Amino acid sequence: MEAKKMFEKNHARYASYGTVAVLPGDMIDAVWKIIDHDLQGVFPLENLLTFKLHNNQGTTTFEYVQMDEDDQPGALSAGFDTNFAYAPELPDTVLAYDDGDSQIILLPSETADH
């Protein structure tokens with residue numbers, strides 16, 4: 001049996017309450033676009049993706065970071081610059097999770113591991 005492909009765009013997609021409270025809707029949409037247009041088919045995607053947010057000369061860069069088995073940043077990362085203004089109130093990290101049927105963007109503080 002073939003493994004299920006993660007983050008297919010025809011599945012239901014959501015953002016957690018915590019994410020909606022701290023990340024504008026357009027930035028949430030940008031995460032989905034990065035997954036669909038820049039990561040899918042380029043990188044092998046696990047069911048949990050990590051994005052670090054960085055200040056890049058006043059705009060926001062989303063850095064996709066593959067985590068290793070110890071939940072530490074692995075050898076692979078890719079930065080995606082946006083035109084969104086950076087603000088210190090933005091979260092440092094957002095996660096995208098795919099349970100095989102639906103997908104959600106959430107904050108690390110909203111996971112069971114926190």
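## F7, ahead of the first strand

F7 is found in the segment before β1, the strand that spans 12-15. In this predicted model, F7 has a phi near 60 degrees, a positive value in a residue other than glycine. That is worth a second look, since most residues other than glycine have a negative phi. F7 counts as buried because its relative accessibility is 1%, under the 20% limit. One of the residues in contact with F7 is L49, which we will meet again in the core.

## Q57, a second positive phi

Q57 also has a positive phi, about 55 degrees, although it is not a glycine. Where does Q57 lie? Its place is the loop between β2 and β3. Is Q57 buried or exposed? With a relative accessibility of 82%, Q57 counts as exposed, whereas F7, at 1%, counts as buried.

## The chain as a whole

Let us step back to the overall layout. The chain holds 2 helices and 6 strands, and from the N terminus on its elements run β-α-α-β-β-β-β-β. Take the contacts between residues at least 6 apart in sequence: 57% of these join residues at least 24 apart.

The chain has 114 residues, of which 37% count as buried. About 6,900 Å² of the chain is exposed, and carbon and sulfur atoms supply 49% of that area.

## The largest nonpolar core

In soluble globular proteins, nonpolar side chains tend to be buried together. Here the largest nonpolar core has 25 residues, and the members that touch the most others are I35, L39, L49 and F51. Two or more core residues come from each of these elements: the helix α2 (25-39) and the strands β2 (48-56), β3 (59-67), β4 (73-85) and β5 (93-98). Which element gives the largest share of this core? It is α2, with 8 residues.

L49 makes a good viewpoint from which to explore this region. Setting aside neighbours within four places in sequence, L49 is in contact with F7, I35, L39, Y64, V94, L95 and A96. Two of these partners, I35 and L39, are, like L49 itself, among the core residues that touch the most other members.

## Aromatic pairs around Y64

A pair of aromatic rings is described by the distance of the centres and the angle of the planes. How many aromatic pairs does the structure hold? There are 2. In one of them, the ring centres of F43 and Y64 are 5.7 Å apart and the planes stand at 45 degrees, so this pair is tilted. It links distant parts of the chain, as F43 sits in the loop between α2 and β2 while Y64 belongs to strand β3, 21 residues away. Both F43 and Y64 are buried.

The rings of F51 and Y64 also form a tilted pair, because their planes are at 50 degrees, with the centres 5.9 Å apart. F51 lies in strand β2 and Y64 in strand β3, so this pair ties together parts that are 13 residues apart in sequence. F51 is buried, with a relative accessible area of 0%, and for Y64, likewise buried, the value is 2%.

Together, ring pairs link F43, F51 and Y64 into a cluster. This cluster also meets the residues described above: Y64 is in contact with L49, and F51 is among the core residues that touch the most other members.

Key
Residues numbered from 1 in each chain as written. Predicted model: local features only at pLDDT ≥ 70, side-chain atom pairs only at ≥ 80, totals over all residues. Heavy atoms only, no water. Core = buried A, V, L, I, M, F, W, Y, C linked by side-chain atoms within 4.5 Å. Buried < 20%, exposed > 50% of the residue type's maximum accessible area, 1.4 Å probe, protein only. Helix = DSSP H or I, 4+ residues; strand = E, 2+ residues; numbered from the N terminus. Contact = heavy atoms within 4.5 Å. Phe/Tyr/Trp six-rings, centres within 6.5 Å; stacked < 30°, edge-to-face > 60°. Areas by Shrake-Rupley, 256 points an atom, 1.4 Å probe, with all protein chains shown as cover.
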